[in-house]
Amino acid sequence: MSFQPKNPMVKWVEHRLPIVGMVHHALYDYPTPKNLSYWWTFGSLAGFMLVVQIITGIVLSMHYTPHVDLAFNSVEHIMRDVNYGWLLRYMHANGASMFFIVVYLHIFRGLYYGSYKAPRELLWWLGLVIFLLMMATAFMGYVLPWGQMSFWGATVITNLFGAIPVVGDTIVTWLWGGFSVDNPTLNRFFSLHYLLPFVIVGVVILHIWSLHTNGSNNPTGLDLKEKSDSIPFHPYYTIKDLFGLAVFLIFFSAFLFYAPNYLGHPDNYIPANPLVTPAHIVPEWYFLPFYAILRAVPDKLGGVLLMFGAIAILFLLPWLDRSRIRSARFRPIYKQLFWIFVADCILLTYIGGKPAEGAYILWGRIATIYYFVHILILLPLVGLFEKPKPLPASISEDVLAKKGSAGEASNA
Amino acid sequence: MLKLIKSLSAAALLSVVAISGAHAAGAAIEYKSVDWSHEGPFGTYDRAAAQRGLQVYREVCAGCHSLEQVSFRTLADLGFTEDEIKAIAAEGTYMDGPNDEGDMFERAGKPFDKFPSPFANEKAARASNGGAFPPDLSLIVKARPGFENYLYSLLTGYEDAPEDHKLPAGMAYNAYFAGHNIAMPAPLAEDGVEYADGTKASVDQMAKDVTVFLAWAAEPKLEERKNMGLKVILFLLLLGGIFYAAKRKVWSDLH
């Protein structure tokens with residue numbers, strides 16, 4: 001609307017395909033709540049990480065060979081002989097972890113501030129679809145170096161589909177392209193690992209489209225009411241996100257350059273061997289909470305259902321949460337429950353990395369039960385009984401009140 | 001912002017505990033701890049130790065273990081001259097070809113060759129080692145929990161089996177090997193090699209040296225990586241500072 005190109009070339013294009021105006025509207029004059037904190041940086045960081053993964057991944061695939069006899073050595077070839085191959089591979093491997101870190105923070109931000117509530121249900125769903133696609137992509141990517149954990153992780157996870165009644169075994173054989181994880185499995189995983197990121201890009205575009213339809217949520221959870229509630233995205237949030245990016249890159253670099261294998265597993269530097277099972281098969285850290293839920297159930301099918309259910313119920317959050325108030329800032333009880341839920345997820349991560357024995361089994365079950373109790377029981381109930389704190393009249397009023405009382409820049 | 005930093009660091013701390021707890025799952029044995037010169041943000045490989053370690057590898061380990069990912073030319077990293085590398089490479093024989101007549105032929109090793117493997121395949125290796133397969137050593141330091149300390153502990157961890165420990169025939173007792181029964185007999189003996197630089201070749205010294213060499217073999221780009229990391233982080237600190245100042249400036253007209 002407000003985009004009036006002066007350049008005749010741009011005018012010519014814009015008249016036929018208003019793409020410059022669309023980008024301009026999305027990144028330039030998109031009206032954004034003026035009170036977004038740094039918790040809102042993780043969305044753009046996730047987008048940044050997706051681009052990093054795609055670029056490093058494309059270059060890595062120029063040097064990688066998806067064959068059971070050659071894959072492991074081709075990764076070592078990248079590490080030793082390809083110019084800056086070590087940098088690309090460590091960036092890609094640690095980049096996956098960084099991507100999950102920022103996405104998990106992005107999701108928890110959404111949970112805290114009720115960003116999934118009307119009218120942002122579809123936005124939330126699209127985000128969860130991205131999350132599921134990321135998990136599939138990351139899982140298949142971890143198989144590609146064809147180390148011991150690659151092979152055995154793939155075996156354990158694909159075998160889960162064997163729990164499906166009647167057709168389970170047929171499905172597993174179909175997934176493998178044979179009767180065990182072997183060359184056909186590696187080939188299709190490579191193909192899909194290359195494909196899915198572009199599907200993610202597509203869903204990200206829908207995610208942003210949906211976001212810009214109703215605008216960003218904000219720490220108060222209030223809708224934009226007055227003109228003074230919002231500021232243009234550029235330059236205010238471009239510069240704020242850039243600063244966030246620089247800080248995040250320092251964190252990323254610390255792992256990338258000084259502890260590149262910390263988040264990995266030593267066993268994956270042993271070439272895959274179908275005859276030797278590692279002592280403990282553990283997935284990458286970002287799958288550990290779900291792995292803990294899987295193992296909390298003594299029954300295989302039950303465990304698989306519960307694990308997928310743990311993500312499936314997140315789709316119902318907009319309706320399970322009965323409170324009309326979005327932000328936990330004005331929800332004293334939900335706020336406490338939120339942090340207990342965060343602690344529960346961290347406990348699940350810890351349990352997921354431990355062998356399923358002794359007290360770990362008990363704690364795994366308690367943490368699993370609490371995960372579902374929080375979402376299915378506490379969340380609907382607290383919305384009914386909680387007495388919310390008084391809401392400010394508008395975002396502007398809240399910003400001014402904060403500025404007045406604390407005498408500090410409210411969201412610097 | 002302060003609140004963000006506080007909650008982030010609390011979550012990070014908890015997660016680190018969670019993840020390192022998960023990491024520790026397999027490692028019940030406490031390894032001996034050595035201060036390796038290549039540890040830490042500015043660490044570099046001890047060239048003299050790595051060169052001695054190469055000698056230990058070639059004279060002791062290479063009898064049974066391969067080093068198939070490492071090519072001779074990369075020894076330049078450790079301070080070997082071109083002529084020295086050529087001489088080391090030439091000691092191996094390689095099957096090459098076919099030549100113009102269609103025949104395979106043997107030739108001396110060249111710097112671009114990888115270290116030669118002692119056995120033609122895994123079956124041959126097992127047949128010569130009482131059924132055990134000596135693993136390739138290219139990545140051994142990165143492929144075991146405990147890393148350098150594990151390897152050093154293992155090499156110096158040969159002991160007489162305790163009274164109550166039943167040692168299977170053909171096995172040796174090692175305090176640091178999982179299950180303690182190891183098929184590899186104690187590889188290092190006092191003065192097992194004669195160091196050119198006059199260093200006394202004690203078991204401890206040789207274990208340390210060969211560990212440094214194999215750490216380099218597993219992670220040859222370590223120095224380049226740390227060096228680049230320092231520059232990148234210094235640059236990012238500067239860039240972050242500029243962005244922060246710009247952010248303050250841009251936002252100042254709002255309040």
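**Close-up views of chains A and B**

**View 1. Two domains of chain B share a buried surface.** Domain 1 and domain 2 of chain B bury about 510 Å² between them. Carbon and sulfur atoms give 38% of that area. Three residues supply 46% of what domain 1 of chain B buries against domain 2 of chain B: Pro41(B), Phe42(B) and Glu219(B). No other three residues supply more. The model shown here, and in every view below, is predicted.

**View 2. The two domains of chain B, seen as whole units.** Domain 1 of chain B is written in two stretches, 29-70 and 114-220. Domain 2 of chain B covers 223-255. Over C-alpha atoms, the centres of the two domains are 44 Å apart. The two still touch: 10 residues of domain 1 of chain B contact 4 residues of domain 2 of chain B.

**View 3. Charged and polar links join the domains of chain B.** How many salt bridges are there between domain 1 and domain 2 of chain B? The count is 2. Look for Arg225(B) and Glu219(B), whose side chains meet in a salt bridge. The N to O distance is 2.9 Å. This pair counts as a salt bridge because the cut-off is 4 Å. Glu219(B) also belongs to the trio that supplies 46% of the area buried by domain 1 of chain B against domain 2 of chain B. There are 5 residue pairs in polar contact between the two domains. On the side of domain 1 of chain B that touches domain 2, the residues are 3 nonpolar, 4 polar and 3 charged.

**View 4. Chain A meets chain B.** Chain A brings 52 residues to the contact, and chain B brings 54. The area buried between the chains is about 4800 Å². Carbon and sulfur atoms give 71% of this area. There is 1 salt bridge between the chains. Which residues form a salt bridge here? They are Arg73(B) and Asp81(A), with their closest N and O atoms 2.9 Å apart. There are also 12 residue pairs in polar contact across the interface.

**View 5. Helices on the chain A side of the interface.** Four helices of chain A each give two or more residues to the side that touches chain B. They are helix 4 (71-80), helix 5 (85-112), helix 10 (233-258) and helix 14 (332-352). Which element gives the most? Helix 10 of chain A does, with 15 residues. By class, this side of chain A has 37 nonpolar, 7 polar and 8 charged residues.

**View 6. Cis peptide bonds in both chains.** In chain A, the bond from His234(A) to Pro235(A) is cis, with omega near 5°. Pro235(A) lies in helix 10 of chain A. In chain B, the bond from Gly97(B) to Pro98(B) is cis, with omega near 5°. Where is Pro98(B)? It sits in the loop between strand 1 (93-96) and strand 2 (105-108) of chain B.

**View 7. A positive phi at Trp146(A).** Trp146(A) is not a glycine, yet its phi is positive, about 55°. Trp146(A) is found in the loop between helix 6 (121-143) and helix 7 (148-159) of chain A. UniProt, in an unreviewed entry, places the feature "domain: Cytochrome b/b6 N-terminal region profile" at residues 9-220 of chain A. Over residues 9-220, chain A is 71% helix and 1% strand. The end C-alpha atoms of this stretch are 43 Å apart.

Methods: Residues are numbered from 1 along each chain as its sequence is written. Chains are lettered from A and ligands numbered from 1 in the order in which they are written. This is a predicted model: local features need pLDDT of at least 70, side-chain atom pairs count only at pLDDT 80 or more; totals for chains, interfaces and linings use all residues. Side-chain values use heavy atoms; hydrogens and water are left out. Domain bounds come from an automatic or database domain assignment. Contact means heavy atoms within 4.5 Å. Buried area is the accessible area (1.4 Å probe) that two parts lose on being put together, summed over both. A polar contact is a pair of N or O atoms within 3.5 Å; within protein, one must be able to donate a hydrogen and the other to accept it, and residues adjacent in sequence count only if both atoms are side-chain atoms. Ala, Val, Leu, Ile, Met, Phe, Trp, Tyr, Cys and Pro count as nonpolar, Asp, Glu, Lys and Arg as charged, and the others, Gly among them, as polar. UniProt positions are given in the numbering used here, feature names are shortened, and annotations may be inferred rather than shown by experiment.
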